[in-house]
Structure formats: structure tokens, C-alpha cells
Amino acid sequence: MLNENECREIAFALLNACRDCKPIPKPSQRYPGLEVKDGYRIQDLWAKEKAVGGAKLVGHKIGLTSKAMQRTAQLAEPDHGKIFNDCVYADGSRLNASSFINARLEMELAFILGDDLEGPDTQLYDVVRATEFVVPALEVNDFRTDMPRTIADTIADNAAFGAIVVGGRPVRPQEVDLRWVGATLARNGVIEESGLSAAVMGHPAISVAWLVNKLYTLGCKLEKGQIVLAGSFARPVDIEAGDIFHADYGPLGSIGVVFA
């Protein structure tokens, strides 16, 4: 367990790495006692500093939603990070590849809340009732530290959140069976990945419910209007400068993004 000064030092180092687009040594290398709780404390310090700089917290991301990824990370549950307004992009955007360090792209569903959601006993149907609409999304994961790293390193690094690209056709959660939303991800015209959203804990709304109950233990809640990335339902695809991505969500439309 780290003290406040150590957590603050890591938070500022990660912020500088994000600003300078240069990786830093993983925190656990210098602080072998780094724990998951420390990682979330570092996230909070990072968020406060970004708010001082004018960024606004607009949502949350959930990661490690599949058992396979949890086993790889040696964690028994998902992790979560924060989404800021300066990291949200629309369909068709051109992103600068050099503004990321070690980026990968994932297909997900984003829940846009029409009401607040607060634990401790939130269930799938509570999430469906509170969600205004669900929309296709692509998450850019980025790693601001050297690899390989521990799960505490990843959490400290804001759960590897880099950016979100939102597009396609917004749907109300009662209009479709969210378990069976499928998508393909093509890079430069070649399909690299495909998947079904049921891969996210059996139902992506279950993932959101998990987050609500986890935030309750931290004295927080999800708020009306916030975005929640429910977790990837396919393997991540590496990003390089010049790549053109097209994600086809079938009846829910598609998303295009270019990394210049």
C-alpha cells in the first residue's frame, strides 16, 4: 500500500506521459507494493488534475469483462477507468496516431444514461430502465507505461483508456436484444475481428450494473447523461499511422475512424 505522496507522484508521471506521448517505467517497478486500491487512488488524483486543466468527466469505461482477460490479468473481476470530454470523438473522425503511445482499438457498446444510477444492489433491469439509449462505440486503448505490467499498473494508468469514437444508430435498450448485437472490425479493408456483445459478462448491461455497485463502495454513482463503455466483445486490434478502420454493427449502423 502506497502513501499519498507516492500516489501523487505516479499520477503526475502518468499525466506527463500522456501529454508528452512518451512511456514511463511501470509504477510497480519502482513501488513493488503497488496494489489495486492504490491504482484507483492514482486514477482519482489524475482526474482531479485534469479537471484543474479544464477537462470534464463525462463517463466511465469498464475493462476485463471476459473471464479469459481476467485470468490473464490475475484478477477476479473487471476494472474501470474514467472518460473525459477531450477524449470523445464522432464517427468519421481523423485522430492523430502520434498522440497515442501504444494504441489498440476495441469494439464495444456505449450506454448513455437518462437517469442517475446508484448502488448497492443495482441489477440488469435497473440499468435498462435508466439507460436512454445504447450506441456503437470504438475504444482506443493506450498504454502509458512499459510492458508487461501488473493489473495495478493498468488501473493506475486509467485502465488504459485513450479515447472513444461514437457512431452508428442509437437504440433504446428495449428495442433490441443487447446480447446479440454483433459487429465486425475491418482495418484497411480487411476484417480483423468480429464478436457478439454477449461476450461481455453474458449481457453488457450486467457489466454496467457491476460498475454501479463498485462505484457505490467508493461513495460514487453514475449520473444522468454520462457515457458508460460496457467492455470489449472482441480482441483488440493494433493501430498504426495511416490505418483506416470500419466497424459494422449491422442494424445498429457503422463507425469509421482514420488514424493519420
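Asn-158 is buried in this predicted model, because its relative accessibility of 4% falls under the 20% cut-off. The residue is found in the loop between H6 and E7. Its phi is positive, about 55°, although Asn-158 is not a glycine. Met-201 also has a positive phi, near 55°, and is likewise a residue other than glycine. Met-201 is found in the loop between E9 and helix H7 (204-217). Its relative accessible area is 27%, so Met-201 counts as partly exposed.

Two cis peptide bonds can be described. One joins Gly-119 and Pro-120, with omega at about 20°. Pro-120 has its place in the loop between E5 and helix H5 (124-130). The other runs from Met-147 to Pro-148, and its omega is near -10°. Pro-148 lies in the loop between strand E6 (131-141) and helix H6 (151-156).

Strand E7 follows the loop that holds Asn-158. E7 is mostly covered, with five of its six residues buried. Strand E3 (residues 88-90) pairs with E7 in the parallel sense. Three bridges make up this pairing. Within it, Tyr-89 has Val-165 of E7 as its bridge partner. E6 also pairs with E7, but here the strands run antiparallel and five bridges join them. Ala-137 is bridged to Val-166 of E7. Strands of a sheet pair through backbone hydrogen bonds, in either the parallel or the antiparallel sense.

E7 also contributes to a pocket. The second largest pocket holds about 250 Å³ of space. It is lined by 16 residues. The closest to its centre are Cys-18, Cys-87, Ser-99, Phe-100 and Gly-162. Helix H3 (36-52) and strand E7 (161-166) each supply at least two residues of the lining. E7 gives the most, with three residues. By residue class, the lining of this pocket divides into nine nonpolar, three polar and four charged residues.

A separate description applies to the five-stranded sheet. This sheet is open, and its strands follow the order E4-E13-E12-E8-E9. The pairing is mixed. Strand E4 (94-95) and strand E9 (190-196) are the edge strands, each paired on one side only. Strand E12 (residues 244-248) and strand E13 (residues 254-259) pair in the antiparallel sense. Five bridges support that pairing. In one of them, Ile-244 has Val-258 of E13 as its partner. In a regular strand the side chains alternate between the two faces of the sheet.

Aromatic contacts involve residues of this sheet and of the pocket lining. Three aromatic pairs are found in a search of the whole structure. In one of them, the rings of Phe-100 and Phe-259 have their centres 6.4 Å apart. Their planes meet at 65°, over the 60° cut-off, so the pair is edge-to-face. The two residues come from distant parts of the chain, 159 residues apart. Phe-100 is in the loop between E4 and strand E5 (104-113), whereas Phe-259 is in strand E13. Phe-100 has a relative accessible area of 12% and is therefore buried. Phe-259 is also buried, because its relative accessibility is 0%.

Phe-233 and Tyr-249 form another edge-to-face pair. Their ring centres are 6.3 Å apart, with 90° between the planes. Phe-233 lies in the loop between strand E10 (227-229) and strand E11 (237-238), and Tyr-249 in the loop between E12 and E13, so the pair ties together parts 16 residues apart in sequence. Both Phe-233 and Tyr-249 are buried.

Ring pairs also build a cluster, which links Phe-100, Phe-245 and Phe-259. One of its members, Phe-100, is among the residues closest to the centre of the second largest pocket. A contact of another kind involves Lys-50 and Phe-84. The charged end of Lys-50 sits over the ring of Phe-84, at 5.0 Å from the ring centre.

Terms used
Residues are numbered from 1 along each chain as its sequence is written. This is a predicted model: local features need pLDDT of at least 70, side-chain atom pairs count only at pLDDT 80 or more; totals for chains, interfaces and linings use all residues. Side-chain values use heavy atoms; hydrogens and water are left out. On a 1 Å grid over the protein atoms alone, a cavity is a set of points where a 1.4 Å probe fits but cannot get out, and a pocket is an open set with protein on both sides within 12 Å along at least five of seven lines; lining residues have an atom within 4 Å of a point. Grid points are joined across faces, edges and corners, and a volume is the space filled by probe spheres set on the points. Helices (H or I, at least four residues) and strands (E, at least two) are DSSP runs, numbered from the N terminus. Ala, Val, Leu, Ile, Met, Phe, Trp, Tyr, Cys and Pro count as nonpolar, Asp, Glu, Lys and Arg as charged, and the others, Gly among them, as polar. Two strands pair if DSSP finds at least two bridges between them. Rings of Phe, Tyr and Trp (its six-membered ring) pair if their centres lie within 6.5 Å; planes under 30 degrees apart count as stacked, over 60 as edge-to-face and the rest as tilted. Buried means under 20% relative accessible area, exposed over 50%, partly exposed in between (1.4 Å probe, protein chains only). A charge sits over a ring if NZ of Lys or CZ of Arg is within 6 Å of the ring centre and within 35 degrees of the ring normal.
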